[in-house]
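Dear colleague,

Please find below the structure that I am handing over to you, together with its sequence. A summary of what was found in it follows.

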Amino acid sequence: MHTLDDFRYTRWIRNLNLCLQILLSFTLVIGLNYLGFKEYYRKDLTQTHNFSLNPETLAYLRQIQKPVHIIITLQKNANSDVAKKYYNDIGAILREYQYATHKNGENQFTIEYVNVFQQHNRAEELAKLYNVRGDTAILVICGEKYREILGVDLYDAKTSHFKGEQAFTSAILDVTANEKKKIYCIQGHGELNPDSSDPIQGFSAAMMILQHKNIAVEGLDLAKSVNVPDDANLLIVASPQVPFLKQEEEKLRRYLSERNGRLLVFLAVEKEHGLDDLFYDWAIRADNVTIFDDSSDYISSSGDFIIKRCEKHPITQSLIDLQIQLLMGFSRPVKVDRGAGFDEQRKVVPLLYTSESSWSQKMTKAKGNKEKIVRGGQSIAVCAERNAVSQLGIKIAGGRLIVFGNADFVTNSRLGVLGNSFLFQNAVNWCLDCDNLLNIPPRPTHNYQLSLTRKDFMWLSINILIVPCAVAMVGLLIMILRKSN
């Protein structure tokens, strides 16, 4: 008998063939999983590409060479529907960031979800390192630099569209930047103390906000310094009590015009500031008069002004969208100086207005009485910017100047009231070019809900459940009958 005709030999060949098939199938599964882990591909099949990052974001991410770590304390099983929506929208957009930054089997974009109610040690560590409190924190970290994303940054107030991509990309670019932004607070004129916690004269709460944005802050005495330091991204003048010297004013002028510098000024009421020539060069006028108001709709119970009127601008846009009011003490008018002449490279915009029932007046020292000079709504904050022209004739961002006629709204006692903190942060962001960092549109969010009548539910049950089950039962019955025969 031939060997191939031997039944035992044939069975042995068949078993060997079966083992090889199992081994090859197992190897195929391992290979596919390995390729899926190392090289995976995602395709957005939605009509509006809701799950695709903007090409501008992808271009930024390709240039990032440093690992970025995201810490989120939002809870998946939150009781609030709004919190669940936040969690789902944020998780969806962050998965796209992970996919976009996946290079050579390594992910430069890691995400950590922290349950502050269960992971007590980790929660204490985050509170110590990043001042994280509660279960709503979103941190973007790269090395020693970090930035916190607020809930107001994630959604458009008018349309409720999701702005998470804009917020996360802006934060990533901020923390991965090679140079840390630096702000100098001018000293030597009785300004607010950035290190003091005093509620009236202290400026420490505002400085803490800047530190949370990963911005370095130092003091600067212009009288002792030859020029403004080269690493100054922004200068802040907070409530000077005595006038600036002419040489100090000239240093600020050169910083703004020759170095395209940024200056943020909060003026005190009824105090000479000595910056009239500088302001005139930027078409801004801040007279030494005081604004009063007797309307109960615009005066708080404590006697402070309630500011409701804002001009549309990146600094005030979030206040307008969210309909947030401001609380300030007595202010001086700060307006556009029409007599400064025309400059096509200069753009001046008033930001805040008092009510129509307000008026400005000054104290006449000779007679000791008050003299009314202007009645009606007046601007109390103005921003100005210039476009600088390069040697190739290309317009680039030049200097920027913001002048507020009030300084007490940034003190420790008032910064956290109403929209004062938003206004301060927006002003700083505009000066540091953070407002024009991205051109990424917000994403529309859709909530889908299936509403069925009883008739629709019965029709759906018949087509999805009853018919397939009936077909399966018929097939099973035929199989049983065949076996019995």
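Strands E5 and E6 pair in the antiparallel sense, over 4 bridges. Within this pairing, leucine 139 stands opposite glutamate 148 in E6. The two strands form a hairpin with 2 residues between them, and glycine 143 in the turn has a positive phi of about 65°. Please bear in mind that this is a predicted model.

Both strands of the hairpin also bear on helix H4, which spans residues 120-130. The buried residues of H4 are Arg122, Ala123, Leu126, Ala127 and Tyr130. Viewed down the helix axis, these buried residues fall within an arc of 140°, so they line one face of H4. What covers them includes strands E5 (138-142) and E6 (145-148), along with E1 (68-72) and E4 (109-113). On the face of H4 turned away from the buried side, one finds the exposed residues Asn121, Glu124 and Lys128. Just after the helix, asparagine 131 takes a positive phi of about 60°.

A separate point concerns the surface. Tyr9, Trp12, Ile13, Leu16, Leu20 and Leu23 form a nonpolar patch there, and together they have about 560 Å² of accessible area. One of these residues, leucine 16, is found in helix H1, which covers residues 7-38. Leucine 16 counts as partly exposed because its relative accessibility is 37%, a value that lies between the 20% limit for buried residues and the 50% limit for exposed ones.

With kind regards

Note on methods:
Residues are numbered from 1 along each chain as its sequence is written. This is a predicted model: local features need pLDDT of at least 70, side-chain atom pairs count only at pLDDT 80 or more; totals for chains, interfaces and linings use all residues. Side-chain values use heavy atoms; hydrogens and water are left out. Patches are made of residues with over 30% relative accessible area and no salt bridge: like charges are joined within 9 Å, nonpolar side chains (Val, Leu, Ile, Met, Phe, Trp, Tyr) within 5 Å. Accessible areas come from the Shrake-Rupley method with a 1.4 Å probe; for residues, only the protein chains shown count as cover. A salt bridge is a side-chain nitrogen of Lys or Arg within 4 Å of a carboxyl oxygen of Asp or Glu. Buried means under 20% relative accessible area, exposed over 50%, partly exposed in between (1.4 Å probe, protein chains only). The arc is that of the directions from the helix axis to the C-beta atoms. Contact means heavy atoms within 4.5 Å. Two strands pair if DSSP finds at least two bridges between them.
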